[in-house]
Amino acid sequence: MTPECHKAAAADLLRAEKAGHQIDLLSKRHPDMDMDDAYAIQNAISQAKLAAGQKAVGWKIGLTSKAMQYALNIDIPDSGILFDDMVFAHGATVPKGRFIQPRIEAEIAFVMKTGIGGADVTREEVLAATDYVAPSIEILDTRILRVDPETGQTRSVLDTISDNAANAGVVLGPQQYAVEAFDLRWVGAITSRNGEVEETGLGAGVLNDPVESVVWLARRMAQYGQIIKPGQIILSGSFIRPVECPSGTEIHADFGAFGAVDIAFD
């Protein structure tokens with residue numbers, strides 16, 4: 001793909017987000033696209049949003065569990081960018097029509113006190129750079145069709161990465177802890193939709209340790225000349241399958257001693 005193709009795909013995705021509709025699969029439109037192309041499209045979206053006055057407030061890491069990697073036939077996570085208009089308060093209600101097909105995931109969020117970056121970032125450096133960790137919910141959405149109606153081709157990881165890793169929102173719980181206050185591998189969540197348990201999971205499902213997920217992100221970003229900045233939120237990856245959130249959904253993610261997070265959808 002050429003830089004012009006990257007910008008055109010990004011423009012299509014931005015229009016889809018604004019209008020609340022989905023476009024066709026980019027992987028079908030550009031069968032030779034690769035992961036560098038996908039991240040270039042994502043970067044073009046980011047540059048357009050920054051130019052429009054939005055602020056980047058963090059990063060999300062996706063596809064960290066073996067189950068999700070097997071489902072998409074890949075062996076590495078992906079990442080996307082969090083913007084200021086994606087942040088929702090604990091207990092808030094998402095307005096009707098804000099998203100196309102919202103889903104949620106339960107995650108452990110890292111909030112950074114110092115910047116960190118480089119191809120050789122270590123676990124110890126991530127721990128030292130973290131201000132606190134908190135329970136969180138990521139809101140997912142897709143501006144790309146999940147399945148092509150003509151061919152039955154499903155959305156690939158390249159489509160997802162291009163679409164800012166399906167990122168749409170973040171909800172931080174009010175609890176804040178030192179990064180070493182809990183063994184994050186054993187921090188889990190019982191996630192309920194309208195009072196019924198839908199999913200459960202443990203932090204160990206995220207690359208065996210959520211800290212290692214942040215290490216992965218910092219190293220991946222180095223390939224593109226990027227760093228994690230002070231104050232940014234890092235969503236370390238979900239340890240549950242996505243939960244669909246049609247209109248009228250109320251979500252409660254119970255992290256036990258680690259806290260809880262709520263979000264509702266009008």
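**Close-up 1. Glu150, an exposed loop residue.** With a relative accessibility of 70%, Glu150 counts as exposed, because the cut-off for that word is over 50%. Keep in mind as you look around that this is a predicted model. Glu150 sits in the loop that runs between strand E6 (130-140) and helix H6. Its side chain meets the side chain of Lys28 in a polar contact of 3.3 Å. For a sense of scale, take Pro3: Glu150 and Pro3 are 147 residues apart in sequence, and their C-alpha atoms are 28 Å apart in space.

**Close-up 2. Strand E10 and its two partners.** Here we turn to a buried strand. All 6 of the 6 residues of strand E10 (residues 233-238) are buried, so the strand is largely enclosed by the rest of the structure. Strand E1 (residues 56-62) runs parallel to E10, and 3 bridges join the two. Strand E5 (residues 103-112) runs antiparallel to E10, with 4 bridges between them. Leu235 is a handy landmark in this view: this E10 residue is the bridge partner of Lys60, and also the bridge partner of Ala109.

**Close-up 3. An open sheet of 5 strands.** Follow the order E4-E13-E12-E8-E9 to trace this open sheet, whose pairing is mixed. Its edge strands are E4 (93-94) and E9 (196-202), each of which pairs on one side only. Strands of a sheet pair through backbone hydrogen bonds, either parallel or antiparallel. Strand E12 (residues 250-254) and strand E13 (residues 260-265) are antiparallel and share 5 bridges; look for Ala253 standing opposite Val261 of E13. E8 and E12 are likewise antiparallel, with 4 bridges, and here Ile190 stands opposite Asp254 of E12.

**Close-up 4. The hairpin of E8 and E9.** Strand E8 (residues 188-193) pairs with E9 in the antiparallel sense over 6 bridges. One facing pair to find is Gly188 and Leu202, the latter in E9. The hairpin has 2 residues between its strands, and Asn194 takes a positive phi near 50°.

**Close-up 5. Helix H3 from end to end.** Helix H3 (residues 35-51) has 17 residues and reaches 24 Å from its first C-alpha to its last, close to the 24 Å expected at 1.5 Å a residue. At its N-terminal end, Asp34 acts as a cap, with a side-chain oxygen 3.2 Å from the backbone nitrogen of Asp36. After the helix comes Gly53, which has a positive phi near 105°. The buried residues of H3 include Asp37, Tyr39, Ile41, Gln42 and Lys49. Among the elements that the buried residues of H3 pack against are helix H1 (3-19), strand E2 (78-83) and helix H7 (210-222).

**Close-up 6. The second largest pocket, with H3 in its lining.** Rolling a probe the size of a water molecule over the atoms shows where empty space is left. The second largest pocket holds about 250 Å³ of space. Two elements, H3 and E1, give two or more residues to its lining. H3 gives the most, with 4 residues. Among the lining residues you can pick out Asn43, Ser46, Gln47, Leu50, Ala56 and Trp59. Others to look for include Ile81, Met221, Ile227 and Gln232.

Conventions:
Residues are numbered from 1 along each chain as its sequence is written. This is a predicted model: local features need pLDDT of at least 70, side-chain atom pairs count only at pLDDT 80 or more; totals for chains, interfaces and linings use all residues. Side-chain values use heavy atoms; hydrogens and water are left out. Buried means under 20% relative accessible area, exposed over 50%, partly exposed in between (1.4 Å probe, protein chains only). Two strands pair if DSSP finds at least two bridges between them. The expected span of a helix is 1.5 Å times one less than its number of residues. Contact means heavy atoms within 4.5 Å. A polar contact is a pair of N or O atoms within 3.5 Å; within protein, one must be able to donate a hydrogen and the other to accept it, and residues adjacent in sequence count only if both atoms are side-chain atoms. On a 1 Å grid over the protein atoms alone, a cavity is a set of points where a 1.4 Å probe fits but cannot get out, and a pocket is an open set with protein on both sides within 12 Å along at least five of seven lines; lining residues have an atom within 4 Å of a point. Grid points are joined across faces, edges and corners, and a volume is the space filled by probe spheres set on the points.
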